[in-house]
Amino acid sequence: LEQIRSGVFAPGSKLPTESELIDLYGVSRMTVRRAVDDLRRDGIVERKPALGTFVRDQPLAARITGLHSLTDEILQLGMTPGSRLLAQATAPATPEVASQLEIDPGSDVLRLDRVRTANDRAFYVAESYINIQRFPVLLDQDYAAPTLSLLATYRDVLGANVERMPQLVSAVGAPPLVAEVFGLEPGDPVLRFERSVYLQGGAPVEHVPAFFRGDTYKFYSELV
């Protein structure tokens, strides 16, 4: 288990055979089988007939309360955060997006389609709609940086911290783009987070529907 957690056996890698584990650790066959069975019951490994036992992708489950970014979550887990820009364009705001950003429907917004990664593994796909009507300077930023954090960009460029981020969480069928990124079939279940980002003073800067694979992300919430 410690070797799996430390990355010696990465997600998707094959475990040594029973005989190899016996020789490696100097234990009985019964002990090896019991240990592997425990890992399988805990969802850490899976057996594939005629192929062997493989390490499963483990859900990301950071335990952070209060306002924080995905970068904070990934760093807390001891992993390396990354960002990959899929598309960037100005687009007319739909009535829903316009309502969230408090602008007129049809006004231009900046749309960013991004994938966030942890140790190069995709776990988050976002469609961010950025309020360039109120914050036009955000149109001229570099959103292709591999370590991009939008919350840090707002702080550094606008000189304002995020005040609140109300969000709705639901289970939905994966849209085609999300399914392609996650290696799923369109319509497979994923978690959808719909979030609006407000800066200090109450100005809405971003509205973002985002998608997580349900088997690779655990949402943590603490009620006080």
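A salt bridge is taken here as a side-chain nitrogen of Lys or Arg within 4 Å of a carboxyl oxygen of Asp or Glu. In this predicted model, Glu 127 and Arg 111 form such a pair, with their closest N and O atoms 3.9 Å apart. Because the cut-off is 4 Å, the contact falls within the definition. Glu 127 belongs to strand 5 and Arg 111 to strand 4, so the salt bridge ties together parts that are 16 residues apart in sequence. Arg 111 is partly exposed, with a relative accessible area of 28%.

The chain as a whole comprises seven helices and nine strands. Its C-alpha atoms fill a box of roughly 70 × 35 × 35 Å along the principal axes. Of its 224 residues, 39% count as buried. One pair of residues illustrates separation within the fold: Pro 49 and Arg 164 stand 115 residues apart in sequence and 49 Å apart in space, from C-alpha to C-alpha.

By the same rule, the count of salt bridges comes to nine. One of them joins the side chains of Arg 29 and Glu 18, at an N to O distance of 2.9 Å. Arg 29 is placed in helix 3 (residues 29-41) and Glu 18 in helix 2, so this contact ties together parts that are 11 residues apart in sequence. Glu 18 also forms a salt bridge with Arg 33, where the closest N and O atoms are again 2.9 Å apart. This second pair links distant parts of the chain, with Arg 33 in helix 3 and Glu 18 in helix 2, 15 residues apart. The relative accessible area is 38% for Arg 29 and 42% for Arg 33, while Glu 18 has 27% relative accessibility. Arg 29 is thus partly exposed, as are Arg 33 and Glu 18. Returning to the salt bridge between strands, Glu 127 pairs with Arg 111. Elsewhere, salt bridges that share partners join Glu 18, Arg 29 and Arg 33 into one network. In general terms, side chains of opposite charge can pair when their charged atoms come close.

Helix 2 also contributes to the nonpolar surface. This helix spans residues 18-25 and includes Tyr 25. Together with Leu 24 and Val 27, Tyr 25 makes a nonpolar surface patch of about 280 Å². Tyr 25 is partly exposed, its relative accessible area being 46%. Because membership of a patch requires over 30% relative accessible area, the value of 46% for Tyr 25 meets that condition.

The interior was examined for enclosed space. Two cavities of 30 Å³ or more were counted, and the largest cavity has a volume of about 200 Å³. Its lining consists of 17 residues, and those nearest the centre of the cavity are Leu 70, Arg 114, Tyr 124, Leu 151 and Arg 195. Several secondary-structure elements each supply at least two residues of this lining, namely strand 4 (108-118), strand 5 (121-130), helix 6 (150-158), strand 8 (189-199) and strand 9 (204-212). By class, the lining of the largest cavity has nine nonpolar, four polar and four charged residues. Strands 4 and 5 therefore enter the description twice, as contributors to this lining and as the elements that hold Arg 111 and Glu 127, respectively.

Two residues other than glycine have positive backbone phi values. Phi of Ala 50 is near 70°, and that of Asp 120 is also near 70°. Ala 50 occupies the loop between strand 1 (45-48) and strand 2 (52-55), whereas Asp 120 lies in the loop between strand 4 and strand 5. Ala 50 is exposed, with a relative accessible area of 88%. Asp 120 likewise counts as exposed, at 73% relative accessibility. Pro 49 is also placed in the loop between strand 1 and strand 2, and at 77% relative accessibility Pro 49 counts as exposed. Residues are classed as exposed at over 50% relative accessible area, so the value of 88% places Ala 50 in this class, and the value of 73% does so for Asp 120.

Terms used. Residues numbered from 1 in each chain as written. Predicted model: local features only at pLDDT ≥ 70, side-chain atom pairs only at ≥ 80, totals over all residues. Heavy atoms only, no water. Patch = residues over 30% accessible without salt bridge, like charges linked within 9 Å, V, L, I, M, F, W, Y side chains within 5 Å. Areas by Shrake-Rupley, 256 points an atom, 1.4 Å probe, with all protein chains shown as cover. Helix = DSSP H or I, 4+ residues; strand = E, 2+ residues; numbered from the N terminus. Buried < 20%, exposed > 50% of the residue type's maximum accessible area, 1.4 Å probe, protein only. 1 Å grid on protein atoms, 1.4 Å probe; cavity = no way out; pocket = protein on both sides within 12 Å on 5 of 7 lines; lining within 4 Å. Points joined across faces, edges and corners; volume = space filled by probe spheres on them. Nonpolar A, V, L, I, M, F, W, Y, C, P; charged D, E, K, R; others polar.
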